[in-house]
Amino acid sequence: MPKDAAVEEFARLVRALKARDGRSYEALGRRLSVSASTLHRYCSGATVPEEFAVVDRLALLCGADGEERRALEVAWSRADRTRRPPTPEPDAAPEPDEEPEPGPERTAKPAPEPEPAPAPEPAPELEPVHARVPGLPSERRRRRWGWVGVVGVALALVGTVTLGAVLLPGKTRERAAEPPAPLTWTVASHLWKNGCGHTYLVERTPPPPPEAADARSWAAAQGAVDGGETLVRVSVQGKGAAAVVLQALHVRVVERGAPLPWAAYRTDDGCGGAVTPRRFEVDLDRPRPVARALDGYDATGEEGRKLPAVSFPYAVSAAEPEELLVSAGAAGCDCRWYLELEWSSEGRRGTVRIGDEDGAPFRTSGAKGRPLHAYDSVERAWITAEESGQGG
């Protein structure tokens, strides 16, 4: 295929993706971490990107399937070759030097035959070690030395394994099949809805409720479990300038049990507030829970406005982080669960498992039908929901 034709075919495929998506050059460029002018040059054929990764991210954002992405990569490879100078042909190899004429043959003298080695003298018969141990019959000595050998081998093996674990701690914990992630994340799992209040299940009557900032230490001290709902905020960003495409967010339940029989304690009366974008809802009672994107709401203006839900995939980088807010509810189970975030970047793919601040699974238990208590700041005591007027 001629050079100009290869570049034009690649540009035509890129233009088709952009037209299918319908967003402006600027809007798509922000998602891909490139300028609007750079993306326009790709579409016009003025420039061929140095790496296919940026074009692959564009294909994902525009909904291309696997076959379309493979065709796009073939077109990019042909167009990319037009930017490279032709490889020069190697110079002709020099003629080998003429071999010297053979001289007169010399007759090699036969090597003298080696003299036969003297036969080795028979080794003196040594007395068995156990026979030299005084005070023990020979059979017991043999059993004793046999056990000493077994114990020695076992200690050697234990020492080898222990030394390997000390010298190579990363090797014992790192899964070789998992590629290093080009992104980083932080987790906050002891959140109160809109920063106002939360319901905990506690086995014994707890002390007064904490401030929202102290919720994690308070819950840990009481052995409290989220009642009915767990809120998790995950802040994600790339480690470098290259964009990382977040492909999907999965929920992995690792343990299910009956809801805890403990009483429920509400930290306050609740309040209203705005909802952030990138919000996801999970029903842990389903056999296969799914993180479903929800609409958000921006209350910064006088009248507020609705923020439509944004589905995967979308990109992050070091300069453009994203925040995911997951609301996981349970009514019929005591569930322990993780989040799993799929990513791709520059031809690599992987999945990171996200647990709480300590790396343990999140935990949510159903609280329906449990005695509900609220804290009376005047009486400085927990009272039932009926007494506080919150029943029903």
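**Loop between E13 and E14**

I started at glutamate 346, which sits in the loop between strand E13 (334-345) and strand E14 (348-354). The model I am reading is a predicted one. Glutamate 346 is not a glycine, yet I found a positive phi of about 50° there. I then looked up its accessibility: glutamate 346 counts as partly exposed because its relative accessibility is 44%, and the partly exposed class runs between 20% and 50%.

**Loop between E16 and E17**

I went on to arginine 380, in the loop between strand E16 (372-376) and strand E17 (381-384). Phi is positive here too, near 55°, in a residue other than glycine. Arginine 380 has a relative accessibility of 69%, so I entered it as exposed; the cut-off for that class is over 50%.

**Chain totals**

I noted nine helices and 17 strands for the chain. Of its 392 residues, 34% are buried. I also looked up the contacts with a separation of 6 or more: 74% of them join residues 24 or more positions apart.

**H2 against H4**

I next took helix H2 (residues 25-32) and helix H4 (residues 53-61), whose axes come within 10 Å and cross at roughly 115°. I noted the crossing as right-handed. On the H2 side the contact is made by Leu28, Arg31 and Leu32, and on the H4 side by Val54, Arg57, Leu58 and Leu61. By class I have five nonpolar and two charged residues in this contact, with no polar ones.

Which residues of H2 are buried? I listed Ala27, Leu28, Gly29, Arg31 and Leu32. Just after H2, I found serine 33 with a positive phi of about 65°.

**Leucine 61**

I followed leucine 61, which is placed in helix H4. Is it buried or exposed? Leucine 61 counts as buried because its relative accessibility is 13%, and the limit for buried is under 20%. Not counting residues up to four places away in sequence, leucine 61 touches Asp21, Arg23, Arg31, Leu32, Pro313 and Tyr314. I also checked its distance to alanine 315: the two are 254 residues apart in sequence, and their C-alpha atoms are 8.9 Å apart in space.

**Arginine 20**

I looked up arginine 20 in helix H1 (residues 3-21). Its relative accessibility is 43%, so arginine 20 goes down as partly exposed. Leaving aside neighbours within four places in sequence, I have arginine 20 in contact with Cys62, Gly63, Ala64 and Glu68. For one of these, alanine 64, I noted a C-alpha to C-alpha distance of 9.6 Å from arginine 20, across 44 residues of sequence.

**Largest pocket**

I finished with the largest pocket, which holds about 390 Å³ of space. It is lined by 19 residues, and His190, Ala224, Asp356, Pro361 and Arg363 are the closest to its centre. Which elements supply at least two residues of the lining? I entered helix H8 (215-222), strand E3 (225-227) and strand E15 (362-365). The largest share comes from H8, with three residues. I sorted the lining by class and have eight nonpolar, four polar and seven charged residues.

Key
Residues numbered from 1 in each chain as written. Predicted model: local features only at pLDDT ≥ 70, side-chain atom pairs only at ≥ 80, totals over all residues. Heavy atoms only, no water. Axes fitted to C-alpha atoms, helices over the stretch in contact; angles between N-to-C directions. Helix = DSSP H or I, 4+ residues; strand = E, 2+ residues; numbered from the N terminus. Left-handed = near helix turned anticlockwise from the far one by under 90°. Contact = heavy atoms within 4.5 Å. Nonpolar A, V, L, I, M, F, W, Y, C, P; charged D, E, K, R; others polar. 1 Å grid on protein atoms, 1.4 Å probe; cavity = no way out; pocket = protein on both sides within 12 Å on 5 of 7 lines; lining within 4 Å. Points joined across faces, edges and corners; volume = space filled by probe spheres on them. Buried < 20%, exposed > 50% of the residue type's maximum accessible area, 1.4 Å probe, protein only.
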